[in-house]
Amino acid sequence: KNNIPFVLIDNYFEAQNANCILINNVQGAYLATEYLIQKKIGQPGYLRSSYTITGFEERADGFYKAIRKNGMSTSRSIVHQLTPSVEGAYCDMKELLKNNVELSKCYFADNDQIAAGALRAFTEAGYRIPQDISIIGFDDMPLCTYTIPALTTIHVPKQYMGELAVKRLAEIIENPSSCPVKIEIATQIKKRKSS
């Protein structure tokens with residue numbers, strides 16, 4: 001409303017006519033799920049955030065798209081709702097394991113924090129990662145290299161997103177009447193030891 005130039009990073013509002021630099025969440029989740037399927041580990045399960053977050057809804061779309069593309073039934077995917085933090089996911093998964101819930105041989109997690117918390121709970125319960133259960137996270141946070149084993153994840157090029165945002169901001173300052181753009185940045189798998 002104040003006509004101050006701005007660029008949204010990793011967020012998008014349908015009702016707002018704004019410049020946005022986004023992660024291609026659908027593509028990233030699809031890549032992770034497809035990777036688990038191609039390794040023939042079995043039908044992937046889903047460690048899903050118990051909180052509704054826009055980017056995570058897109059990640060769910062990518063997960064289920066890969067399941068359907070490979071001729072699997074989405075209703076057969078084991079889904080565990082976990083708090084999207086390391087400690088929260090750890091406590092939630094410990095509780096689920098205590099209640100002997102059905103487990104998958106592999107999981108895609110909405111973010112690295114969920115993956116790390118679940119990994120810790122699985123390990124404490126005696127499961128070997130990745131021999132018994134494989135896990136892939138999303139975001140490529142620094143904690144991925146500190147988990148045991150190191151966490152396979154979807155890499156998000158955050159620095160590049162920032163560079164694009166600054167470049168776009170300079171463009172709209174120079175030309176205030178330019179049309180807003182929405183740019184989605186592709187992701188890639190960062191293979192480590194958890195899958």
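Guide: Before we look at charges, note that Lys and Arg count as positive and Asp and Glu as negative, while His and the chain ends are not counted. The structure above is a predicted model.

Visitor: With that rule in hand, how many positive and negative side chains does the protein chain have, and how far apart do the centres of the two sets lie?

Guide: The protein chain carries 22 positive and 20 negative side chains, and the centres of these two sets are 6 Å apart.

Visitor: Which helices and strands should I look for, and in what order do the elements run?

Guide: There are five helices and nine strands in the protein chain, and, read from the N terminus on, the elements follow the order β-β-α-β-α-β-α-β-α-β-β-α-β-β. The C-alpha trace spans about 60 × 35 × 25 Å along its principal axes, and of the contacts with a separation of 6 or more, 74% are between residues 24 or more positions apart.

Visitor: What part of the protein chain counts as buried, and what does the chain expose?

Guide: Of its 195 residues, 45% count as buried, while the exposed area of the chain comes to about 10,500 Å², with carbon and sulfur atoms supplying 51% of that area.

Visitor: If I take a single helix, α3, what should I read from its length?

Guide: Helix α3 covers residues 86–98, and its 13 residues reach 18 Å from the first C-alpha to the last, which is close to the 18 Å expected at 1.5 Å a residue. Just after α3 comes N100, which takes a positive phi of about 55 degrees.

Visitor: Which residues of α3 are buried, and what do they pack against?

Guide: The buried residues of α3 are G88, A89, Y90, M93 and L97, and the elements that the buried residues of this helix pack against are β3 (45–49), β4 (79–82) and α4 (112–124).

Visitor: How many disulfides does a search of the whole structure find?

Guide: A disulfide is a covalent bond between the sulfur atoms of two cysteines. The search finds zero disulfides in the whole structure.

Visitor: Why is C20 without such a bond?

Guide: The cysteine sulfur closest to that of C20 belongs to C179 and is 14 Å away, and because a disulfide needs the two sulfur atoms within 2.5 Å, that distance is too far for a bond. C20 itself is buried, its relative accessible area being 1%. C144 is likewise in no disulfide, with the nearest cysteine sulfur, that of C106, 18 Å away, and C144 counts as buried at 0% relative accessibility.

Terms used:
Residues numbered from 1 in each chain as written. Predicted model: local features only at pLDDT ≥ 70, side-chain atom pairs only at ≥ 80, totals over all residues. Heavy atoms only, no water. Helix = DSSP H or I, 4+ residues; strand = E, 2+ residues; numbered from the N terminus. Expected span 1.5 Å × (residues − 1). Buried < 20%, exposed > 50% of the residue type's maximum accessible area, 1.4 Å probe, protein only. Contact = heavy atoms within 4.5 Å. Areas by Shrake-Rupley, 256 points an atom, 1.4 Å probe, with all protein chains shown as cover. Charge placed at Lys NZ, Arg CZ, Asp CG, Glu CD.
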